[in-house]
Amino acid sequence: MTNREKNRLLVILSGESPQFNYYLADSVILQVGQSGQATGIFVNEIIDDAGGRKIAAFRRELSGKMTPTSGLS
């Protein structure tokens, strides 16, 4: 999921509700459920640099492969 401006990204990894946030980098947050399982990765700021272009390519690749609920268990 992205916001309208396409500068934020949430990848849902599990249907479990996130309980904890772990900051992996300035704008990258790993969300973890009570069971210890990763529930999502949140990218808070996507800028137009090499990393931002890779994230944009990843989003384009996923857009054709996933339905809104296909990532849920």
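These exercises walk through a predicted model.

**Exercise 1.** In what order do the strands of the open sheet lie, and which are the edge strands?

Solution.
- Start with the count: 4 strands form the open sheet.
- Read across it: the order is 1-4-3-2, with antiparallel pairing.
- Now look for strands that pair on one side only: these are strand 1 (9-12) and strand 2 (20-25), the edge strands.
- Add the twist: from one strand to the next, it averages 20°.

**Exercise 2.** Describe how strand 2 pairs with strand 3.

Solution.
- Find the direction: strand 2 and strand 3 are antiparallel, with 5 bridges in the pairing.
- Check the link: the two strands make a hairpin, and 2 residues lie between them.
- Pick a facing pair: Asn21 is opposite Gln31 in strand 3.

**Exercise 3.** How many bridges join strand 3 to strand 4?

Solution.
- Locate the strands: strand 3 covers residues 28-32 and strand 4 covers residues 38-43.
- Count the bridges: there are 5, and the strands run antiparallel.
- Name a facing pair: Val32 sits opposite Ala38 in strand 4.
- Recall the general rule: strands of a sheet pair through backbone hydrogen bonds.

**Exercise 4.** Is Arg59 buried or exposed?

Solution.
- Place the residue: Arg59 belongs to helix 1 (residues 50-63).
- Take its relative accessibility, which is 18%.
- Apply the cut-off: buried means under 20%.
- Conclude: Arg59 has 18% relative accessibility, so it counts as buried.
- Look along the chain: Leu9 is 50 residues apart from Arg59, and their C-alpha atoms are separated by 8.6 Å.

Notes: Residues numbered from 1 in each chain as written. Predicted model: local features only at pLDDT ≥ 70, side-chain atom pairs only at ≥ 80, totals over all residues. Heavy atoms only, no water. Buried < 20%, exposed > 50% of the residue type's maximum accessible area, 1.4 Å probe, protein only. Pairing = 2+ DSSP bridges. Axes fitted to C-alpha atoms, helices over the stretch in contact; angles between N-to-C directions.
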